[in-house]
Amino acid sequence: MSDIGLLLLLCALGTYMWRGLGVLLSGRISIHGDLFTWVTCVTYSMIAGLVMRIIVLPSGLLATSLVWHRLLACMLGLAAYYLFRRNLLLAVGVGAGSLVVLNYLR
Amino acid sequence: MHAAAFRTGVREAFGVPGGVLAASYIGFGALAYSSAIPLWIVIASTVTIWALPGQLVMVDMWQLGAPLIAILLAVMLTNARFLPMAVTLMPVIRDRSHRPWVYYAAAQCIAMSSWIICMRRGPELPAAERVDYLCGLAAGFIAIGVGASAIGYYIAESIPQVMRIGMVFLAPVYFFVFLIVEVRTRMAAIALVCGGIAGPLLYQLTPQWSVLLAGFIGGTLAFGLNRAWERPRE
């Protein structure tokens, strides 16, 4: 098996472990303790860290666009969400679309 | 097996949440293509990991050449939220008519989208049918995820570069907006800010460990800051 295949297998098992453990422990543990609060913080932080890194310091194709174009596109997506009845699909379309336009007009 | 409840779940998957899911997975497919990940990994990860942030972490760190153990640790940490999610969903879907293994199989169906919907819709359905509803919902969502990621992968391959940049940007924009608008607590907001700042900074120090460290450092800092905030000062 290729390296990435092995990695996927381990990641899949590791992910299922949490789901299975949740079923097993349901009704026996409280999820309002410090440990789960900390895990929630780490999860939010890690995803936010990854997303901001991809936006600010991307690799590959995204790196060919300007950083302020990418940040502006995100802001336009966010603005679209609130302006147009909290439609996430539209917000994503506006965000991605505006990067295409900004980058094309450069 | 309550086939009708399963079908209801599948039908409800193909609604607005399914559309958003499709957009984000099209983006994931495009991003994976530009990171030179094979298509079968894209599809297999959608079925087996079934959690977009975790999949994104895996693909991104792999592309940066991070050590296997670091990738595994980061993926497991971003997906650790499934434990409390499963713990809270079980009382909603539990019914005497099912054997215990049914819940362990249904556990794979738990992801952000299906969890939110099932927590809300579950109590409206007869208790015996809720597991089938959850499985139907997840089957629909997974089918959308698989189809969308494959479509994203192929479109990214064939469309002009001018458009491709937008596709690769779908997933980051989706998470950017989603995380900001879905934040409900002060603690989560602090964690987002800490992680959002820590991620790019740590990337400049150590690209391969930055995702993991941003989570640990930003998350622990947020946890501490939130504590300090809660504790009244004398």
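Let me begin with one helix pair: the axes of helix H4 of chain A, residues 88-105, and helix H2 of chain B, residues 16-34, come within 9 Å and cross at roughly 25°. Angles under 35 degrees count as roughly parallel, and H4(A) and H2(B) are therefore roughly parallel to each other. I should say at once that this is a predicted model, so please hear everything that follows as a description of a prediction.

Staying with that pair, H4(A) passes H2(B) in a left-handed crossing, and the residues that meet there are Leu88(A), Leu89(A) and Val92(A) on the side of H4(A), with Val16(B), Gly19(B), Val20(B) and Ala23(B) on the side of H2(B). Sorted by class, this contact holds 6 nonpolar residues and 1 polar residue, with no charged ones.

Now to a second pair between the two chains. Helix H1 of chain A, residues 3-25, packs with helix H4 of chain B, residues 52-63, at an angle of about 150°, and their axes lie 12 Å apart. Because angles over 145 degrees count as roughly antiparallel, that angle makes H1(A) roughly antiparallel to H4(B). The crossing of these two helices, H1(A) and H4(B), is right-handed. From H1(A), the residues Ile4(A), Leu7(A), Cys11(A) and Thr15(A) meet Gly54(B), Met58(B) and Trp62(B) of H4(B), and by class the contact of H1(A) with H4(B) consists of 5 nonpolar and 2 polar residues, again without any charged residue.

If we step back to the interface as a whole, 63 residues of chain A are in contact with 83 residues of chain B. On the chain B side, helix H10 of chain B, residues 161-182, supplies the largest share, with 18 residues. That side of chain B, taken by class, has 61 nonpolar, 19 polar and 3 charged residues.

Finally, what does chain A look like, taken alone? It has 4 helices and 0 strands, and along the sequence the pattern reads α-α-α-α. The C-alpha trace of chain A spans about 55 × 40 × 20 Å along its principal axes, and the radius of gyration of chain A is 19 Å, whereas a compact globule of 106 residues would have one near 13 Å. Buried residues account for 43% of the 106 residues in chain A. As for contacts within chain A between residues at least 6 apart in sequence, 34% of them join residues at least 24 apart.

Conventions
Residues numbered from 1 in each chain as written. Chains lettered and ligands numbered in written order. Predicted model: local features only at pLDDT ≥ 70, side-chain atom pairs only at ≥ 80, totals over all residues. Axes fitted to C-alpha atoms, helices over the stretch in contact; angles between N-to-C directions. Parallel < 35°, antiparallel > 145°, perpendicular 65-115°, else oblique. Left-handed = near helix turned anticlockwise from the far one by under 90°. Contact = placed C-beta atoms within 7 Å. Nonpolar A, V, L, I, M, F, W, Y, C, P; charged D, E, K, R; others polar. Rg over C-alpha atoms; globule rule 2.2 N^0.38 Å. Buried ≥ 20, exposed ≤ 12 C-beta atoms within 10 Å, placed from the backbone.
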